[in-house]
Amino acid sequence: METSSVEINELPLPTKTLTPPASAEPIPMDTSSIDELPSSDSNLTDNNEAVGEKRKRTDEDEKPNLESLETKITPSPWWKTSLCSYFRREASCSHGSECKYAHGEAELRMKPDNTWDPTSERGKKVKAMKLSEQEEKEDDEVLFTEQMMESIDGDEGGGGSVSVVDLSLSKCLVHLPNKWQSDELKKFFGEQGVQYKSAKKRRGMIVGFVTFENAEQMQSGVEILDGKTVNSSNLKIADVLPRTFDKNDARKSVKSARGAVTPLADLSYADQLEQKKTSIGQMLKKLARNARKACPNGNSLPQWVLTSRDRGGLACNLEGIIESPITNGYRNKCEFSVGLSLQGKPTVGFSLGSFCAGVTAVEEPVDCPNVSKIAVQYASIFQKFIEKSKLQVWNRFQHSGFWRQLTVREGRKPGVFSNDEDAITRIAEVMLIVQVCLTDSDETEVATEFEEMAKAFAEGARASSPTLPLTVLVVQNHSGISNVAPPDSPLQVLPIPMLDNGTNQEQTTNALTEARIHDHINNLRFSISPTAFFQVNTVTAEKLYTIAGDWADLGPDTLLFDVCCGTGTIGLTLAHRVGMVIGIEMNASAVADAERNATINGISNCKFICSKAENVMSSLLKQYLDVTEMEEAKPLSNANDDLDKQISSTEEMSNSEHVADQNLPTTNSRVEELQNNEQKDISSSVEPEKSTKPQFKNVVAIVDPPRSGLHPAVIKALRTHPRLKRLVYISCNPETLVANAIELCTPSFDEADRGNKNYRGRKKIGIAALARHRAKSMPTSEAFRPVKAMAVDLFPHTDHCEMVMLLER
């Protein structure tokens with residue numbers, strides 16, 4: 001067969017080289033082994049012979065050269081794994097058959113990660129199949145009950161009267177527009193020519209119900225509706241199950257609590273880590289793709305975008321994944337829903353699905369490996385109590401009931417950790433938070449129930465072997481639809497009966513007013529209030545904070561901003577490595593805890609601001625960094641002298657932590673002070689006197705935002721301050737990290753190209769696309785670049801994973 005000539009440029013040469021005469025025909029050879037050569041190695045010529053010098057070919061010369069090429073050249077694993085965009089656009093390519101990209105589907109090969117180019121026909125088919133399988137799986141896992149039908153009928157039928165329906169002639173429609181109500185659903189049936197007896201739909205849910213007159217009418221209606229496209233979603237038809245039924249007769253596809261809460265529990269831990277590492281890698285690829293799209297037209301792409309293909313499409317190097325030392329029973333905070341089981345029994349555990357899809361069934365958490373044994377035992381104690389209680393469990397359909405949720409928070413001993421086998425021995429303190437709805441309840445009856453509940457918890461803890469720790473019992477009043485209560489929801493601390501020589505004695509007044517427990521990170525003691533944020537996997541959090549501190553390149557002349565600081569864990573654990581820490585947190589209770597934690601641990605170079613980060617970030621950066629480039633930072637000792645005058649709520653330390661706790665103000669008084677004087681505190685912190693303001697050579701920000709990510713105003717403040725050169729981003733939701741990084745790392749647009757009018761009014765725009773449009777409005781400033789990233793497995797057995805990324809400029 002006939003092939004093109006072979007050129008050798010930078011590759012090692014064989015011991016003998018061939019130079020065919022200029023007039024000679026190309027050398028016949030088998031090129032099956034050379035088909036997969038990368039583009040840089042594809043065109044091979046011999047430049048070693050003098051121009052015009054000729055010699056004859058021999059069979060002895062031919063074979064050694066091919067063998068040498070086959071052994072010395074290793075094909076790139078990415079050879080021909082992507083379609084050539086130029087070829088698809090122009091129907092031709094100057095590289096021809098030697099192009100490292102595929103020219104058409106026939107040449108396309110699978111990528112090293114066993115995936116196809118998403119723009120190819122095979123890639124599109126695979127994606128469509130996965131989406132279809134996912135939709136079918138989600139639909140199969142949804143449980144629709146007669147109770148849901150009656151609830152909607154009671155809400156919209158007037159007076160709550162419920163008509164008896166034949167469930168065999170009833171169907172549930174999935175993927176309806178959530179803005180629709182019953183009238184819109186009936187109108188839709190009329191447009192499609194569907195005959196029916198009754199139709200029900202509630203706003204805010206994606207499911208609706210229809211009942212037919214007879215089997216023939218139902219069959220005709222199902223044929224018309226099944227797969228019908230409504231607002232770009234395909235309708236699915238599901239059966240309606242009776243209110244109560246035998247679990248063994250239920251559909252096998254109904255999730256268990258184990259499957260709902262720990263979907264990866266049946267995988268080995270090594271496989272879980274590999275899956276999460278791959279997922280984080282996909283996020284880094286997504287960042288590189290979106291950054292390429294977001295860059296201004298006509299400007300050269302940033303270097304990190306250009307080199308992303310050398311890393312397999314990653315925006316930066318993925319350093320690996322840090323595994324959790326504890327894989328079972330690692331959660332120090334567990335929130336158990338209160339509801340009815342599949343059999344209609346009051347249950348304390350985990351929901352089996354999404355309420356939006358009509359699922360409210362709750363199952364006990366006995367087979368969930370991420371939950372500690374102590375939490376499971378307290379859930380069992382509370383379940384036995386509510387089974388006998390005169391007050392009803394919460395009904396999310398009817399928005400009524402009393403008992404809503406149980407939260408178990410645990411405080412571990414310092415330096416003690418292992419897997420769940422010795423869980424009780426490593427737990428020193430336990431806080432129980434019972435969420436209730438006091439609407440329309442009788443005060444006397446509620447008081448009696450609370451007293452009986454406290455007694456049940458105390459007796460259950462003492463009856464366990466070994467005895468369960470019980471430090472504080474708190475009741476939270478919340479009347480919202482979701483169990484997620486705002487931080488300022490009313491709290492009531494209940495006395496816990498304690499057995500003492502045969503008599504019951506209540507907790508002391510001090511214990512009652514101090515609703516808190518303590519945990520330890522890096523040998524520091526942290527005070528935790530009921531609603532304060534604290535990492536649920538304490539041991540792995542130590543590794544996470546160490547990585548963040550190492551990447552931040554901290555030193556005595558560093559000012560560290562701990563944004564979204566919570567109880568101050570990050571800033572306090574790194575305080576000994578920096579000159580000063582400024583923590584920003586909007587939760588007043590968490591700020592009170594952070595100040596207390598600083599005092600308990602004898603840390604004086606930390607200051608905490610109670611406010612939204614977007615309100616104070618820009619002013620704080622200006623306050624501490626508004627100096628000339630030539631101005632030297634003050635020595636650390638002088639800075640600390642000034643800091644002693646500035647730190648709020650700093651009291652004299654005693655020799656005992658217990659004495660320090662007694663000298664501190666109570667949580668309620670401190671929180672009230674923070675809330676009442678928030679604006680005053682911000683003003684005084686933002687505009688101190690120039691003479692007492694310490695200055696620092698280096699400024700670093702570590703951000704650990706909620707799942708929704710950073711507010712645009714915070715991103716703008718971080719991006720536009722020229723002295724902030726290093727940023728460490730810790731994220732529990734890599735999707736929002738990608739979106740925030742797009743705004744932080746995209747080059748500035750020219751004045752004429754700024755603005756984000758193009759996306760206004762568009763529906764269902766993704767967070768990455770929205771970030772690209774917001775980047776157009778970013779003021780002119782130097783962009784960050786992603787340097788490296790690390791995955792941290794804080795949540796074994798689940799799909800979730802923390803991600804740490806270092807950004808520099």
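This briefing covers three loop residues and one helix. The model is predicted. In the loops, look for a cis peptide bond at Pro466 and for positive phi values at Asp440 and Asn522. Then turn to helix H10, residues 373–388.

**A cis peptide bond**
- The bond joining Ser465 to Pro466 is cis. Its omega is near 0 degrees.
- Pro466 belongs to a loop. Helix H12 (443–463) lies on one side of that loop, and strand E13 (472–477) on the other.

**Positive phi outside glycine**
- Asp440 is not a glycine, yet its phi is positive, near 60 degrees.
- The loop holding Asp440 links strand E12 (427–436) and H12.
- Asp440 has a relative accessible area of 82%, so it is exposed. The cut-off for exposed is over 50%.
- Asn522 is another residue other than glycine with positive phi, here near 50 degrees.
- Asn522 sits in the loop between strand E17 (517–521) and strand E18 (524–528).
- Asn522 counts as partly exposed because its relative accessibility is 32%. Partly exposed runs between the 20% and 50% cut-offs.

**Helix H10**
- H10 has 16 residues. From first C-alpha to last, H10 reaches 24 Å. That is close to the expected 22 Å, at 1.5 Å a residue.
- Which residues of H10 are buried? They are Ile374, Ala375, Tyr378, Ala379, Ile381, Phe382, Gln383, Phe385 and Ile386.
- An α-helix has 3.6 residues a turn, so residues three or four places apart point the same way.
- Look along the buried set with that in mind: it includes Ile374, Tyr378, Ile381 and Phe385.

Note on methods. Residues are numbered from 1 along each chain as its sequence is written. This is a predicted model: local features need pLDDT of at least 70, side-chain atom pairs count only at pLDDT 80 or more; totals for chains, interfaces and linings use all residues. Side-chain values use heavy atoms; hydrogens and water are left out. Helices (H or I, at least four residues) and strands (E, at least two) are DSSP runs, numbered from the N terminus. Buried means under 20% relative accessible area, exposed over 50%, partly exposed in between (1.4 Å probe, protein chains only). The expected span of a helix is 1.5 Å times one less than its number of residues.
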